[in-house]
Amino acid sequence: MRSKLSYAVSAAALLFYFVLVGDRGVLLIADGRPVTVAFGVAVLVLPLIGAWFLWHTTQFARHAGRLGRELEAEGGLPLDELARTPSGRIDRDSADAVFARRQAETEAAPDDWRNWFRLAVAYFDARDTPRARKAMQRAIALHDGKSPR
């Protein structure tokens with residue numbers, strides 16, 4: 001719940017920032033001089049890119065959450081079987097061992113979104129966020145019946 005609240009606050013702050021920057025861009029364009037119009041257009045591009053990124057990130061989080069809830073209802077969420085250091089951090093060797101099992105499961109049944117979801121969790125636990133995101137995107141695509149990229 002804390003992460004959802006943190007995400008909502010960050011998203012709201014970004015949206016506020018986009019409005020402020022967009023307003024400045026409009027003011028620059030309204031000035032009418034070629035240089036300020038060019039700057040105004042350039043300034044307006046930044047909030048558009050930011051809004052696009054925020055939208056896609058939010059959609060990704062919503063879809064991943066939906067899959068997590070569905071997998072939880074099926075009783076298929078991966079168990080937390082990772083060893084931890086005294087400070088509570090995940091032990092790297094333990095994460096690597098779990099990852100190897102998840103990877104083998106995914107290779108055995110590559111068209112099952114559940115395996116890709118569990119592999120994404122294993123990648124995340126192994127601190128490989130880019131691959132975790134790609135695995136989760138594949139799980140989402142397989143679940144929704146789309147061709148994975």
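Where does UniProt place the feature "transmembrane region"? The unreviewed UniProt entry places this feature at residues 7-29 and 35-55. The legends below concern close-up views of a predicted model.

**Figure 1. The two spans that UniProt annotates as "transmembrane region".**
The record, an unreviewed entry, gives the spans as residues 7-29 and 35-55. In the predicted model, residues 7-29 are 100% helix and 0% strand. The C-alpha atoms at the ends of residues 7-29 are 32 Å apart. Residues 35-55 are likewise 100% helix and 0% strand, with 31 Å between the end C-alpha atoms of that span.

**Figure 2. The largest pocket and its lining.**
The largest pocket holds about 890 Å³ of space. Its lining is made up of 23 residues, and those closest to the pocket centre are Ser3, Phe60, Ala61, Ala64 and Gly65. Two or more lining residues come from each of α1 (2-31), α2 (34-74), α4 (113-125) and α5 (129-143). Helix α2 supplies the largest share, with 9 residues. By residue class, the lining comprises 13 nonpolar, 6 polar and 4 charged residues.

**Figure 3. Helix α5 and its buried residues.**
Helix α5 contains 15 residues. From its first C-alpha to its last, α5 reaches 21 Å, close to the 21 Å expected at 1.5 Å a residue. The buried residues of this helix are Ala132, Ala135, Met136, Ala139, Ile140, Ala141 and Leu142. An α-helix has 3.6 residues a turn, so residues three or four places apart point the same way. The buried residues of α5 pack against α2 and α4. Just after α5, Gly145 adopts a positive phi of about 75°.

**Figure 4. Thr57 of helix α2 and its contacts.**
Thr57 is found in helix α2. Its relative accessibility is 19%, and Thr57 therefore counts as buried, the cut-off being under 20%. When neighbours within four places in sequence are left aside, Thr57 is in contact with Tyr7 and Arg133.

**Figure 5. Arg133 of helix α5 and its surroundings.**
Arg133 is found in helix α5. With a relative accessible area of 33%, Arg133 is partly exposed. Beyond its neighbours within four places in sequence, Arg133 is in contact with Thr57 and Phe60. Phe60 is also among the residues closest to the centre of the largest pocket. Arg133 and Val121 are 12 residues apart in sequence, and their C-alpha atoms are 9.3 Å apart in space.

**Figure 6. Arg127 in the loop between α4 and α5.**
This view shows the loop between α4 and α5, in which Arg127 has its place. The phi of Arg127 is near 65°, a positive value in a residue other than glycine. Arg127 has a relative accessible area of 44% and is partly exposed.

**Figure 7. Ser87 in the loop between α2 and α3.**
Ser87 lies in the loop that runs between α2 and α3 (92-108). Because its relative accessibility is 63%, and exposed means over 50%, Ser87 counts as exposed. Ser87 and Ser10 are 77 residues apart in sequence. In space, the C-alpha atoms of Ser87 and Ser10 are 28 Å apart.

Definitions and conventions
Residues numbered from 1 in each chain as written. Predicted model: local features only at pLDDT ≥ 70, side-chain atom pairs only at ≥ 80, totals over all residues. Heavy atoms only, no water. 1 Å grid on protein atoms, 1.4 Å probe; cavity = no way out; pocket = protein on both sides within 12 Å on 5 of 7 lines; lining within 4 Å. Points joined across faces, edges and corners; volume = space filled by probe spheres on them. Helix = DSSP H or I, 4+ residues; strand = E, 2+ residues; numbered from the N terminus. Nonpolar A, V, L, I, M, F, W, Y, C, P; charged D, E, K, R; others polar. Expected span 1.5 Å × (residues − 1). Buried < 20%, exposed > 50% of the residue type's maximum accessible area, 1.4 Å probe, protein only. Contact = heavy atoms within 4.5 Å. UniProt positions renumbered as here; feature names shortened; annotations may be inferred.
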